[in-house]
Amino acid sequence: MSPVPRLVVAAPASGSGKTTVATGLMAAFAARGLAVSPHKVGPDYIDPGYHALATGRVGRNLDAYLCGPELIAPLFLHGARGCDLAVVEGVMGLYDGAAGQGELASTAHVAKLLRAPVVLVVDASSQSRSVAALVHGFASWDPEVRVGGVILNKVGSDRHEALLREALDASGVPVLGVLRRAPQVDTPSRHLGLVPVAERGSAAVEAVAAMAAQVAQGCDLEALAALARGAGELPGAAWDAAGALAGPGSRPGTPDRPVVAVAGGRAFTFSYAEHAELLAAAGAEVVTFDPLRDEELPEGTAGLVVGGGFPEVYAAELSANEPLREAVAGLALSGAPVAAECAGLLYLCRELDGRPMCGVLDAGARMGERLTLGYRDAVAVGDSVLAAAGTRTRGHEFHRTVVEPGAGAAPAWGLTTPVRRVEGFVQQGVHASYLHTHWAAAPGAARRFVERCRTS
């Protein structure tokens, strides 16, 4: 049983200011000397970077679609070990979940799984008395969701604030904060959302500091902390990488620790922390390298993981690092295991927007005209370094690029939603795909990958 004080920061819709408020709350509480555990509902990789900057702890995702509802509380407790308070940023609108799946993976669903109170962030810029009807509707829609307070964002003036407070007096939902319009806390966006922290340097630090200052000035931190403490106990045990790998196929105490190189840096910022933890628990020595800067793979590399990110933004620099491209191609040609997701898929192609890449895959990549976004159900078409043929998984696509052809002679996955198609590439030890998966839901992928590192 866990007494971790916790809050879920939600909103009626995207663009209401959830990230500003959640990140600001995390930083403001951390500035008070609290150990704050940061979490994000859904598959988003970018917001957790800002959360990590605000708290000094790894930002972690809670995705009931990718991982299943049963893992939400254990993964939360894993991230919140030793913390004084946890802040969970929601996704989209409070009740928006996976398309056609009811409440599944919505912020409301996760809040119920965590038994956590919700703070509703409302963009009040174009309303006054109507705010009461909006808040009442969200607070009463699902009696199992406890909306414990509201933070009014983008309030224009003292008079505007007075009208909003007067309207909300009869709603039964207390106003826990009022934030004025503040351009200095805005963060730049591009084709896949906010620009990641790793690419912004000191500008990101300044933005988080501005969020913290605005929230500390405009919100009742004592009341918010009291609301978080009222969350009570959360039954169950924390997730543990070693425990997740226990069972058939495990090799506890194996002295052979193959080096698994994991791409990082500004071009490859998309990863779930649990992946590296599972690789380490499976017996690997995990070493991060930067394809923009390093001309060699880490010494002794036996396997390579290249996750998501923005190689399209750094195509020229990635292409210019010819020694590393050749090293990656050589590793793949040797039959060593290589797992590439989305950005990693692009990096392994012949070219990206006309610039030479690693040439591992006989495919070309380019920027497209539309965004591909959504959850996917998938089945492994054949055996690979990550899965046996027939293995079912859930994933998420999130890209504005196109790879032609979209699948190799041996595809990685057969997708069943939203339309049936094959996707990705399996050749020798390479598994390359657009599909982002969460290995906490399939820890055998890490065990299988490390085992292949030992034997390839």
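A cavity is a set of points on a 1 Å grid over the protein atoms alone where a 1.4 Å probe fits but cannot get out. Its volume is the space filled by probe spheres set on the points, which are joined across faces, edges and corners. The model is predicted: local features need pLDDT of at least 70, side-chain atom pairs count only at pLDDT 80 or more, and totals for chains, interfaces and linings use all residues. Residues are numbered from 1 along each chain as its sequence is written, and side-chain values use heavy atoms, without hydrogens and water.

One cavity of 30 Å³ or more is present in the structure. The largest cavity has a volume of about 40 Å³. Eleven residues line the largest cavity (an atom within 4 Å of a point). Nearest its centre lie Gly309, Glu312, Cys342, His399 and Thr401. Two or more lining residues come from each of α14 (343-348) and β17 (392-404). β17 contributes the most, with four residues. By class, six lining residues are nonpolar, three polar and two charged.

Helices are DSSP runs of H or I with at least four residues, and strands are runs of E with at least two, numbered from the N terminus. Helix α13 covers residues 322-333. At 1.5 Å a residue, its twelve residues should span 16 Å (1.5 Å times one less than the number of residues). The end C-alpha atoms of α13 are 16 Å apart, which agrees.

Leu324, Arg325, Val328, Leu331 and Ala332 of α13 are buried (under 20% relative accessible area, 1.4 Å probe, protein chains only). They lie on the same side of α13, because they cover an arc of only 125° around the axis. The arc is taken from the directions from the helix axis to the C-beta atoms. Glu326 and Leu333, on the face turned away from the buried side of α13, are exposed (over 50%). Just after α13, Gly335 takes a positive phi of about 95°.

Note on methods:
1 Å grid on protein atoms, 1.4 Å probe; cavity = no way out; pocket = protein on both sides within 12 Å on 5 of 7 lines; lining within 4 Å. Nonpolar A, V, L, I, M, F, W, Y, C, P; charged D, E, K, R; others polar.
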